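Hi,

Here is the structure I promised to pass on. Have a look at it first, and my notes follow below.

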Amino acid sequence: MAQTTIMVRDLPIEERPREKLVNYGAEALSNAELLAILLRTGTREESVLRLAERVLSCYKERGLSAIVHMSVEELSEIPGLGQAKAAAILAAVELGRRLAVAEARVEIIHGPEDVAHYAMPRFRHECKEHFAVMLLNTKNHILAMPEISQGSLTASVVHPREVFEAAVRHAAASMILLHNHPSGDPSPSREDIAVTRRMVQAGEIMDIPVLDHIIIGGSSFVSLKEKGLLS
């Protein structure tokens with residue numbers, strides 16, 4: 001006996017994702033239900049809710065963060081998704097990312113927690129290592145946070161020339177180094193420590209002190225200053 005496909009319209013009104021959001025708020029919905037609202041329609045063979053569940057199942061090993069770095073073309077390869085649906089998903093992801101960055105705004109840096117709070121939305125889901133510098137004025141206000149390099153942190157990738165060129169361009173009084181570990185483990189490597197000490201020495205020569213080096217790993221971070229590893 002053939003199994004009947006249950007469509008969203010077959011569900012009780014209060015269980016349909018859109019109506020459920022209106023009545024109970026977005027926080028009451030599962031990831032699949034939220035995604036189903038973005039997708040709007042399913043296919044002849046499956047409901048939009050089932051399609052949403054199948055999309056999420058493709059990334060069950062990495063979770064929702066896997067979608068952050070996907071292109072429209074990659075998402076469109078999933079059966080049931082076309083360019084329009086893929087574009088809607090990525091637009092929602094980007095809105096969420098921008099909102100997280102906006103909410104993380106910090107005017108004055110008081111300590112490593114402020115640095116991590118400001119930088120984490122930008123770097124926590126990256127698949128590669130990104131090295132950036134947070135440039136500060138004399139009152140520890142953030143002037144800019146330019147990215148210097150991508151790739152595994154080595155002395156050949158991160159050179160004082162590029163770092164301090166950015167600092168001079170923004171007339172920075174001091175700086176904080178930061179980069180991410182895609183593995184999620186923020187523990188500093190020997191190379192991290194070596195690059196940090198090289199930058200600290202260059203900062204002493206340039207009279208632009210390096211105050212700290214923050215390593216972000218997922219939702220956690222490490223301060224090399226707090227670990228006593230700056231010099």
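Let me start with H181, which counts as buried because its relative accessible area is 10%, below the 20% cut-off. Please keep in mind throughout that this is a predicted model. In the chain, H181 sits in the loop that runs from β4 (174-180) to α9 (190-206). Its side chain has a polar contact of 3.1 Å with the side chain of H179. A polar atom of the H181 side chain also lies 3.5 Å from the backbone oxygen of S187. Leaving aside residues up to four places away in sequence, H181 touches E129, P186, S187, P188, D192, I215, I216 and G217.

S223 is the other buried residue I looked at in detail. Its place is in strand β6 (residues 220-223), and its relative accessible area is 2%, so it is buried too. The S223 side chain makes a polar contact of 2.6 Å with the side chain of D212. With residues up to four places away in sequence set aside, D212 is joined by P112, H213 and I214 among the residues that S223 touches. S223 and L177 are 46 residues apart along the chain, and their C-alpha atoms are separated by 10.0 Å.

P112 also turns up in helix α7 (residues 112-123). This helix has twelve residues and reaches 15 Å from its first C-alpha to its last, close to the 16 Å expected at 1.5 Å a residue. How much of α7 is covered? Mostly covered is the verdict, with nine of the twelve residues buried. Those are P112, D114, V115, A116, Y118, A119, M120, P121 and F123.

Next, a couple of backbone angles you may want to check. N140 has a phi near 65 degrees, which is a positive value in a residue other than glycine. D207 is not a glycine either, and its phi is positive at about 60 degrees. I flag these because most residues other than glycine have a negative phi. Both are in loops: N140 lies between β1 (130-136) and β2 (142-144), while D207 lies between α9 and β5 (210-217). N140 counts as partly exposed because its relative accessibility is 25%, whereas D207, with a relative accessible area of 66%, is exposed.

On the surface, V168, I205 and M206 make a nonpolar patch of about 320 Å². V168 belongs to helix α8 (residues 160-169), and with 49% relative accessibility it counts as partly exposed. The cut-off for exposed is over 50%, so V168 stays in the class in between.

Finally, some totals for the protein chain. The secondary structure comes to nine helices and six strands. Of the 231 residues, 41% are buried. The chain exposes about 13100 Å², and carbon and sulfur atoms supply 52% of that area. Among contacts with a separation of 6 or more, 58% are between residues 24 or more positions apart.

If you want a place to begin, try the loop with H181, then move to S223 and its contact with D212.

Cheers

Methods:
Residues are numbered from 1 along each chain as its sequence is written. This is a predicted model: local features need pLDDT of at least 70, side-chain atom pairs count only at pLDDT 80 or more; totals for chains, interfaces and linings use all residues. Side-chain values use heavy atoms; hydrogens and water are left out. Helices (H or I, at least four residues) and strands (E, at least two) are DSSP runs, numbered from the N terminus. Buried means under 20% relative accessible area, exposed over 50%, partly exposed in between (1.4 Å probe, protein chains only). A polar contact is a pair of N or O atoms within 3.5 Å; within protein, one must be able to donate a hydrogen and the other to accept it, and residues adjacent in sequence count only if both atoms are side-chain atoms. Contact means heavy atoms within 4.5 Å. Accessible areas come from the Shrake-Rupley method with a 1.4 Å probe; for residues, only the protein chains shown count as cover. Patches are made of residues with over 30% relative accessible area and no salt bridge: like charges are joined within 9 Å, nonpolar side chains (Val, Leu, Ile, Met, Phe, Trp, Tyr) within 5 Å. A salt bridge is a side-chain nitrogen of Lys or Arg within 4 Å of a carboxyl oxygen of Asp or Glu. The expected span of a helix is 1.5 Å times one less than its number of residues.
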